[in-house]
Amino acid sequence: MDRPLLNRRLAEFGTTIFAEMSALAVRTGSINLGQGFPDADGPEEVREAAVRALRDGRGNQYPPGPGIPELRTAVAAHQQRFYGHLGLSYDPDTEVLVTAGATEALAASLLALLEPGDEVIALEPYYDSYAAGIALAG
């Protein structure tokens, strides 16, 4: 049986605008302003903490599904510090989930919350992965 490589719900989607702009920038020798390309290595103390964690054997295992507890606690504390005045606070054990990036977080959220046939309203302009995530969720 001949079957397409991608789920048929994704057939209408080509490459992302980010992939197109990256390829165009490479082809023309341009600076790519289409997505974030950090040009700094970040704070030295953060890099040193990462090195210490690796040397202490804390970087060679998969983390728990929701993320490392210390990181979830730090995320909740950050949100409290910057947004607590708005009445927002989060329980790191039940309301914080760490993902590898925004696209993964959006896809996981859409797949977890949507049922096939649900109506979704997305206001344009929107991040291009919204439409693909919504389609994948059916």
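Is Y130 buried, partly exposed or exposed? Select Y130 and colour by accessibility: the residue counts as partly exposed, because its relative accessibility is 31%. On this scale, buried means under 20% relative accessible area, exposed means over 50%, and partly exposed is in between (1.4 Å probe, protein chains only).

Before going on, a word on what you have open. This is a predicted model, where local features need pLDDT of at least 70 and side-chain atom pairs count only at pLDDT 80 or more, while totals for chains, interfaces and linings use all residues. Residues are numbered from 1 along each chain as its sequence is written, and side-chain values use heavy atoms, with hydrogens and water left out.

**Zoom out first**

Switch to cartoon view. You'll find 5 helices and 0 strands, in the order α-α-α-α-α along the sequence. The radius of gyration is 19 Å, well over the 14 Å that the globule rule gives for 138 residues, so the protein is more spread out than a compact globule. (Helices are DSSP runs of H or I with at least four residues, strands are runs of E with at least two, and both are numbered from the N terminus; the radius is taken over C-alpha atoms, and the rule is 2.2 Å times the number of residues to the power 0.38.)

Draw a box along the principal axes and the C-alpha atoms fill roughly 50 × 45 × 40 Å. Of the 138 residues, 11% count as buried.

**Back to Y130**

Now select residues 129-136: that's helix α5, home of Y130. Add L106 and L110, both of which Y130 touches, leaving aside residues up to four places away in sequence. Contact here means heavy atoms within 4.5 Å. Try a distance label between the C-alpha atoms of Y130 and L106: they sit 24 residues apart along the chain, with 7.4 Å between them.

**The aromatic corner**

Show sticks for F18, Y126, Y127 and Y130, which form one aromatic cluster. The structure holds 3 aromatic pairs. Rings of Phe, Tyr and Trp (its six-membered ring) pair if their centres lie within 6.5 Å; planes under 30 degrees apart count as stacked, over 60 as edge-to-face and the rest as tilted.

Start with Y126 and Y130, a stacked pair with 5.9 Å centre to centre and 10° between the planes. Then turn to Y127 and Y130: their ring centres are 6.2 Å apart and the planes meet at 85°, so this pair is edge-to-face. As for cover, Y126 is partly exposed at 31% relative accessibility, and Y127 is partly exposed at 29%.

**One step back along the chain**

Select E124 and P125 and look at the backbone. What is the peptide bond from E124 to P125, cis or trans? The bond is cis, with omega near 0°. As a reminder, most peptide bonds are trans. P125 belongs to the loop between α4 (102-113) and α5.

**Last stop: G42**

Where is G42 found? Look in the loop between α1 (17-28) and α2 (44-55). G42 is partly exposed, because its relative accessibility is 40%. Finish by selecting G29 too: G42 and G29 are 13 residues apart in sequence, and their C-alpha atoms are 26 Å apart in space.
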